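Visitor: I am new to this structure and would be grateful for a close look at a single part of it. Please take the salt bridges as the subject and explain where the partners lie.

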Amino acid sequence: MPTSDTTPSSHFIREIIADDRRRNKHDGRVITRFPPEPNGYLHIGHAKSICLNFGVAAEHGGVCHLRFDDTNPTKEDVEYVESIKADVHWLGFDWQDKLFYASDYFEQLYQYAVQLIKAGKAYVCSLSPEEMRQYRGTLSVPGEDSPYRTRAVEENLDLLARMRAGEFPEGTHTLRAKIDMASGNLNMRDPVMFRILHATHHRTGDAWCIYPMYDFAHCVSDAIEGITHSICTLEFEDHRPLYDWFLDALQTPCHPQQIEFARLNLSYTVMSKRKLLQLVTQGHVSGWDDPRMPTLSGLRRRGYTPEAIRTFCERIGVARRDSVVDIALLEHCLREDLNRRAQRVMAVLRPLRLVIENYPAGQVEALEAVNNPEDASMGTRQVPFSRVLYIEREDFREDPPRQFFRLAPGREVRLRYAYYLTCTGVVKDERTGEVVELRCTYDPATRGGWAPDGRQVRSTIHWVSAAHALPAEVRLYDHLFLKLDPGAEDDGGDLAASLNPQSLEVLTTCQVEPSLAGALPGSRYQFERQGYFCVDPDARPGAPVFNRTVTLRDTWARIERGQRGR
């Protein structure tokens, strides 16, 4: 689903589907599916697949199913199911009444297995897992037939029924397809179809103690649902012959076409569920929804918009070959979107007290501030101005370096929406020598930020009125990893070696303008001159908490270019 200002770009999957419709393949129907395993939270890579599957179906008046491939009860949980459904909806897609589970088909899968046994195309194997690995061979050495490959049909049927009845411990038997142990494709060397797992399933409970393997359950589930185009990532390309073999051997009424595309690889990011789980369990992040995580729940909490993610997924396109996308493109799409929709406000993250000595004590003015210069319909708001303000500590230098045009002793600057201001003195902590307060004067004739005599200043700084500002906590998030390919082999696969120690800085003495008093969790703002921020769910009435979503400029790309130039 591209955003309104994004024209869908052509790619090979769109071309395949368009050609199928021209030839009236599948009677012109387009039915896709998004088939997550409920063993973790979805991440930005899954967003590409979601947008692709739901998008191409919608473009042709078709439907996209949401199907949970829940065939491994030892790793799956209802928590993951609910989070996945929430993420798909948040991205802007709806499966309507097409919600399915592979576990819905366990009985049908079992009967299909019986059918293969009767056709002489499947058998119960009693090799141990270690023995099975030895018999399988390698990429250069063909496998060997299992000694149990020639079991009679009736014996296989009896053993499978007893496996289902729970007579055998785990690892004693498996049901395997009888294909070709000498095949150059290891996936075709008599793959396992069912294994014994004495585990409680989150939907079927203890009704089953044998569970289908993904390769068998996936293609048959596609066929049962009448899927026309089974779109998956390149890692399944070598599995396509097996996908087709099962459907041909079973003579299913529907034979979907498997089409592979390159998965999303993002710089400075890990996309492996296993590695993301490692980050959570080892305490490197606070959870799956930590705003530094590439999970959709983490990105949502950080302040990303579904529109920005959909735009990103459309712009990166769909290719047949793996590549790495620069994370700067994702952030660029986010800035574009937030620039249009986020209200501007003023917030001081590291406050420095400023007293305007010639401003009347006790006087308060209401100054008009623009909510969003990109969207006049968002209107304006009133911000209070008084004698005592807070400004950013970084906006003042007692001994300013070259190219520093902000406030310094004797220098005049513009206060955003307010007046020209000149620093006349500083107050320091007697013990540390730190500047704790500025003394200033203002020019009453410059209300609104312009001088009637035409004089110019070289800098505009933001501020908040000390008497009216709200104290707030601000969490400054940055990239979780310092390296382009976190946890790569040169680190021995150690994610911790790639972590950015500055990925989170918590500021607890921030001051924000009073208009943010009722800001609700999830609300997004641009803190002028600071970046884009989002209200965190940890926020409470009177105690706002803001997460930095993204900076105003791509400082990370500039740092990276500097590192490459060393």
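Guide: D222 is a suitable place to begin: with a relative accessible area of 0%, this residue is buried. The model in view is a predicted one. The partner of D222 is R33, and the closest N and O atoms of this salt bridge are 3.4 Å apart. R33 likewise counts as buried, because its relative accessibility is 0% and buried means under 20%. R33 belongs to strand β1 (residues 31-34) and D222 to helix α7 (residues 214-225), so the pair ties together parts that are 189 residues apart in sequence.

Side chains of opposite charge can pair when their charged atoms come close. A further case is the salt bridge between R240 and E260, at 2.7 Å from N to O. This pair links helix α8 (residues 240-250), which holds R240, with strand β9 (residues 257-261), which holds E260, the two residues being 20 apart in the chain. R240 is partly exposed at 31% relative accessibility, whereas E260 is buried at 7%.

E412 and R455 also form a salt bridge, their closest N and O atoms lying 2.9 Å apart. Here E412 is in strand β18 (residues 412-415), and R455 is in the loop between β20 (435-443) and β21 (460-461), 43 residues away in sequence. Both partners are partly exposed: E412 has a relative accessible area of 22%, and R455 has one of 25%.

Salt bridges also join residues into a network, whose members are D289, R301, E473, R475, D536 and D538. In total, the structure holds 46 salt bridges.

Key. Residues numbered from 1 in each chain as written. Predicted model: local features only at pLDDT ≥ 70, side-chain atom pairs only at ≥ 80, totals over all residues. Heavy atoms only, no water. Salt bridge = Lys/Arg side-chain N within 4 Å of Asp/Glu carboxyl O. Helix = DSSP H or I, 4+ residues; strand = E, 2+ residues; numbered from the N terminus. Buried < 20%, exposed > 50% of the residue type's maximum accessible area, 1.4 Å probe, protein only.
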